[in-house]
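The exercises below are to be worked with the sequence and the coordinates at hand. Each begins with a task and is followed by a solution in steps.

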Amino acid sequence: MTDDGTTTTLTDDECWAVLADQPIGRLATAVAGEPEIFPVSHAVADGRIYFLTRPGSKLVEVTVNNRVAFEADEWRFDTASSVVLKGTAEVLETDEDIAAAEATELVPYLDDGKNVWVRITPTEISGRRLTR
């Protein structure tokens, strides 16, 4: 759908394609009324976002308030796209859930000992593409 000739609303499938193509996204959380944004390496599988973290502020925040937003951008010469996903984050603990996460073959941007898997299950997804 074209909103004004230069802005296009992305379909759900197009949103997921943008998320899957981008190796880095941003996790947005809010705890005690304070917003936080964290860049994370992520993978997409079965309509969900997966990322690795370690004990620290991201893990605490998704444990205290599991309602999160996730955003990724795609920049090309003649277009720019942005996708925002809202959903519920959960720390993966069962062997079955961890195996599903590992099957994404996520390659972290930094190998810094992150070993806790988190999965975001979406409740809403939206995106736009801007054309020059």
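**Exercise 1: the surroundings of Glu 71**

Once its neighbours within four places in sequence are set aside, Glu 71 is in contact with Gly 25, Arg 26, Ser 82, Val 83 and Val 84. The model is a predicted one. Task: place Glu 71 in its secondary structure element, decide whether Glu 71 is buried or exposed, and find the polar contacts of its side chain with Arg 26 and Ser 82.

Solution. Begin with the element: Glu 71 belongs to strand 6, which covers residues 67–75. Next, take the relative accessible area, which is 17% for Glu 71; because buried means under 20%, Glu 71 counts as buried. Finally, turn to the polar partners: the side chain of Glu 71 makes a polar contact of 2.6 Å with the side chain of Arg 26, and a second polar contact, of 2.9 Å, joins the side chain of Glu 71 to that of Ser 82.

**Exercise 2: two residues with positive phi**

Task: locate Ala 32 and Asp 46, and assess phi and exposure for Ala 32 and for Asp 46.

Solution. Start with Ala 32, which sits in the loop between strand 2 (24–31) and strand 3. Its phi is positive, at about 55°, although Ala 32 is not a glycine. The relative accessible area of Ala 32 is 78%, and since exposed means over 50%, Ala 32 is exposed. Then consider Asp 46, found in the loop between strand 4 (43–45) and strand 5 (48–53); phi of Asp 46 is near 55°, again a positive value in a residue other than glycine. With a relative accessibility of 73%, Asp 46 counts as exposed.

**Exercise 3: two threonines in loops**

Task: determine which loops hold Thr 104 and Thr 11, and state how accessible Thr 104 and Thr 11 are.

Solution. First, Thr 104 lies in the loop between helix 3 (95–102) and strand 8, and its relative accessible area of 17% makes it buried. A polar atom of the Thr 104 side chain lies 2.6 Å from the backbone oxygen of Ala 101. Beyond four places in sequence, Thr 104 touches Ala 43, Ala 45, Tyr 50 and Trp 117. Second, Thr 11 occupies the loop between strand 1 (7–9) and helix 1 (12–21), where a relative accessible area of 43% makes Thr 11 partly exposed. Thr 11 and Ala 43 are 32 residues apart in sequence, and their C-alpha atoms are 19 Å apart in space.

**Exercise 4: Arg 128, a ring face and a pocket**

Task: list the contacts of Arg 128, then say which residue lies over the face of Phe 77 and which residues lie nearest the centre of the largest pocket.

Solution. Arg 128 is part of strand 8 (residues 116–131) and, residues up to four places away in sequence not being counted, touches Thr 7, Thr 8, Leu 10, Ala 80, Ser 81 and Ser 82. Next, look at the ring of Phe 77: Arg 132 lies over its face, at 5.8 Å from the ring centre. Last, the largest pocket holds about 190 Å³ of space and is lined by 13 residues, with Pro 39, Ser 41, Tyr 109, Leu 110 and Lys 114 nearest its centre. Strand 3 (residues 34–41) supplies the largest share of this lining, 3 residues.

Conventions. Residues are numbered from 1 along each chain as its sequence is written. This is a predicted model: local features need pLDDT of at least 70, side-chain atom pairs count only at pLDDT 80 or more; totals for chains, interfaces and linings use all residues. Side-chain values use heavy atoms; hydrogens and water are left out. A charge sits over a ring if NZ of Lys or CZ of Arg is within 6 Å of the ring centre and within 35 degrees of the ring normal. Helices (H or I, at least four residues) and strands (E, at least two) are DSSP runs, numbered from the N terminus. Buried means under 20% relative accessible area, exposed over 50%, partly exposed in between (1.4 Å probe, protein chains only). A polar contact is a pair of N or O atoms within 3.5 Å; within protein, one must be able to donate a hydrogen and the other to accept it, and residues adjacent in sequence count only if both atoms are side-chain atoms. Contact means heavy atoms within 4.5 Å. On a 1 Å grid over the protein atoms alone, a cavity is a set of points where a 1.4 Å probe fits but cannot get out, and a pocket is an open set with protein on both sides within 12 Å along at least five of seven lines; lining residues have an atom within 4 Å of a point. Grid points are joined across faces, edges and corners, and a volume is the space filled by probe spheres set on the points.
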